[in-house]
Amino acid sequence: MKTKLATLALGALMAAGPALADLVIPDLSYRTGPYAAGGIPFSDGYNDYFTLLNERDGGIGGVPVRVIECETGYNTEKGVECYESTKGEGALVYQPLSTGITYQLIPKVTADGIPLHTMGYGRTSAANGKVFSNVFNYPANYWNGASGAINYLLGENGDDLSGKKIALVYHNSAYGKEPIRTLETLAEKHGYDLTLLPVDHPGQEQKSQWLQIRREKPDYVIMWGWGVMNQVAVQEAANIRFPMENFIGVWWSGAEFDVEPAGDKATGYKALTFTGLGDDYPVYDDLRQYVADAGKAAGAGDQLGAVQYNRGLYAAMLASEAIKTAQEMHGVADIDASMMRDGMEALEMTNAKMDSLGMAGFGPEFSVSCENHGGPGLVGVVQWDASTGTWNKLQDFMPTDAEVIGALIAEDSAAYAAENNISQRCE
Amino acid sequence: MSEQLVFAMEVILNGLMAGVLYALVALGFVLIYKASGIFNYAQGVMALFAAMTLVGIMNGQVPFAHVINATFGTHVYNFGWTIPALLAILLTMAVMVVLAWAVQQFVMRHLVGQEPIILFMATIGLAYFLEGVADLMWGSEIKTLDVGLPQGINLWLDEVTFNIFGYGFFIDNLDIVATVIAALLVGALVAFSQYTKQGRAMRAVADDHQAALSVGISLNFIWIMVWSVAGFVALVAGIMWGTKSGVQFSLSLIALKALPVLMLGGFTSIPGAIVGGLIIGVGEKLFEFAIGPMVGGATENWFAYVLALIFLVFRPQGLFGEKIIERV
């Protein structure tokens, strides 16, 4: 009885004592629902990188990272609920992997002083740090993607797209509509003819769109898809015998599972990217040793090296590097959200740093500033080979049309600032 | 013949084919509603569950592998064998029969005599439960389904139409197969309900539960049978849709395509599901072709419901549904 009482007292003391400091990173994931196929590998990569840091380095700056996973189902309302239920835990940064959730969180994070990182998605004009103090979308955004696709096609056509017909097949949502403005502006600049073909959620049925493509015979098709829309589009393109090498998807339409259901016929399909391919990086040796082989991998542990896993890994790496920057800037290891924001704004990713992380060439070199929250907007192109089941690099990270994108960002962010009475910073 | 007219003919043909696929999903709803008065919200998830089970069996995947591994620290994912498609389809059908029994035994049997809305709510619960079980059993990743069905353009039709119109029509081989299978399925269902003892019993239950009971028909057996047949229809729909897009969780959303078909064709008519599917398929594709470009496209989802609502104004019971007259 005495032993039991002593154990109880010790337990109570431990519970009442000060909580150990940790760095809280909420993971607004979606492992269920129609978009789970993309959400699972991203979240696995995101979690595994922080697990690696905890297991190998004891956290970041000696402080362990605590990831709080919250299931959104890619549903905007649930995403906001997840935000509200986790922000009180001392959340340092949110990366919801959803443009819809991003749009809802922008005013909330700004009011709460928590940074939001939407790598390769979200509101593109958030790249303007003068207006969006707490939102970051480095290293590339949708408009970089749209321009990257057009730049690649310019390269394929001797820098002349005049008279060419380009169709945009897009998810009929905030996400899918993001590149339209840029593609329209670039159409005026380069003289190509743009056809817009929206596909309603979830995109299981696209016969009308692909019949139209078959009739109008565009020279190129660009796709802004997510979820089942991608697999159906690749299959339909194969069915109508559209030349796959003239079909380019944004980075969210360029995972293995997007092309595998179409089998051999998907060979030649291209996709944009802002991250490295495969698992031929030294960081993977550590991931296997400290995470996967130790049975500590997130999910089933079977996604290592997959395209969306690498994106999650990269997102976590950028967050951890921002934490390190914030720790150095403020001289404290246990940082808060406002310090994290400062760290993100001062983030510098050099090749030397990437090399030291075992991720040389995994992402582009870039630095973030008060004015520029969007990074350099460098975009690469990869191509699917069904015979080997691999994506192969066609084009390294290349610059996009800063002149056009910069003007669009300035215009859109100025409108947002006016609507929301935001006075510009960084003066 | 004008170019636009030729294009419209191609669109109509493809609309008919798409309509058959919608009708395949709608059939499952009709069967259960006709026999038990239950609007089975879980029909779409049943298609997903059936397709996932089929792929899992074909690939020799260990069901509940993640749960087993997490619980016992093992690393078992695959039995190491593959099973031919036909045998896998038969085994999947057996699983769907077990599911039908479980639904009847653990859910519906306890709700006999309840209001239709209660039964409907139960099927909503069933849908979420089944989706979760499917996830636990087979995982959430996209699975490639290949049971040997042909896909891609039908070259013969392409050539024939090119010779006639100077423009080759695109008709997907998979859609043609789906049409043939749907026709066979409807024929088999009609023959089953007209010429077999169980089929006649099913119709008797549909007409009047209590009268059927009084002549010795087992409601329990009939309902298990009906849910099994609906499970079979779900499996066929799952194969067709899953072959197109890979088997993944969005398959459950194909039920959304069946609702306007049911509203139009009536909830109690098998031919109604087919005709409704064809009208919706052709209607939405033609509207998208003719009007879509003027209004920004992506009209199909909402237009199907608008079309169904227009029909409802004139025939609230649907084209082939039973007219319900309630006298006070």
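Two residues are taken to be in contact if their C-beta atoms, placed from the backbone, lie within 7 Å. In the predicted model described here, this criterion applies to helix α3 (residues 76-86) and helix α4 (residues 99-112) of chain A, which pack with their axes 8 Å apart and at an angle of about 40°. Angles of 65 to 115 degrees count as roughly perpendicular and those under 35 degrees as roughly parallel, and α3(A) and α4(A) are therefore oblique to each other. The crossing in which α3(A) passes α4(A) is right-handed. On the side of α3(A), the residues involved are A:Thr76, A:Gly79, A:Val80 and A:Tyr83, and these meet A:Gly100, A:Ile101, A:Gln104, A:Leu105 and A:Lys108 of α4(A). Divided by class, the contact of α3(A) with α4(A) consists of four nonpolar, four polar and one charged residues.

A second helix pair in chain A is formed by α2 (residues 36-57) and α12 (residues 307-330), whose axes lie 6 Å apart and whose packing angle is about 40°. Because of this angle, α2(A) is oblique to α12(A). The passage of α2(A) across α12(A) is likewise described by a right-handed crossing. Residues contributed to this contact by α2(A) include A:Pro41, A:Phe42, A:Tyr46, A:Tyr49, A:Phe50 and A:Leu53, while those contributed by α12(A) include A:Tyr309, A:Arg311, A:Leu313, A:Ala315, A:Ala316 and A:Met317. The contact of α2(A) with α12(A) comprises 11 nonpolar, seven polar and three charged residues.

Chain A also contains an open sheet of seven strands, arranged in the order β6-β5-β7-β8-β9-β12-β13 with mixed pairing. Its edges are formed by β6 (193-199) and β13 (390-398) of chain A, each of which pairs on one side only, and the twist from one strand to the next averages 25°. At one end of this order, β5 (residues 165-171) of chain A and β6(A) are paired in the parallel sense over seven bridges, and A:Leu168 has A:Leu196 in β6(A) as its bridge partner. Helix α8 (residues 207-216) of chain A packs on the sheet, where it touches β5, β6 and β7 (220-224) of chain A, and the direction of α8 makes about 160° with that of β6(A).

According to the unreviewed UniProt entry, residues 28-385 of chain A are covered by the annotation "domain: Leucine-binding protein". Over residues 28-385 of chain A, helix accounts for 43% of the chain and strand for 14%, and the end C-alpha atoms are 32 Å apart.

The contact between the chains takes 34 residues from chain A and 35 residues from chain B. On the side of chain B that touches chain A, the elements giving two or more residues are α1 (3-36), α10 (219-245), α12 (270-290) and α13 (300-314) of chain B, with the largest share, five residues, coming from α1(B). By class, the residues on this side of chain B divide into 12 nonpolar, 14 polar and nine charged.

For chain B, the annotation "transmembrane region" in an unreviewed UniProt entry covers several spans, among them residues 12-33, 45-67, 213-241 and 294-314. The span of residues 45-67 of chain B is 74% helix and 0% strand, with its end C-alpha atoms 21 Å apart. In residues 213-241 of chain B, helix makes up 86% and strand 0%, and the end C-alpha atoms lie 38 Å apart.

Methods. Residues numbered from 1 in each chain as written. Chains lettered and ligands numbered in written order. Predicted model: local features only at pLDDT ≥ 70, side-chain atom pairs only at ≥ 80, totals over all residues. Axes fitted to C-alpha atoms, helices over the stretch in contact; angles between N-to-C directions. Helix = DSSP H or I, 4+ residues; strand = E, 2+ residues; numbered from the N terminus. Parallel < 35°, antiparallel > 145°, perpendicular 65-115°, else oblique. Left-handed = near helix turned anticlockwise from the far one by under 90°. Nonpolar A, V, L, I, M, F, W, Y, C, P; charged D, E, K, R; others polar. UniProt positions renumbered as here; feature names shortened; annotations may be inferred. Pairing = 2+ DSSP bridges.
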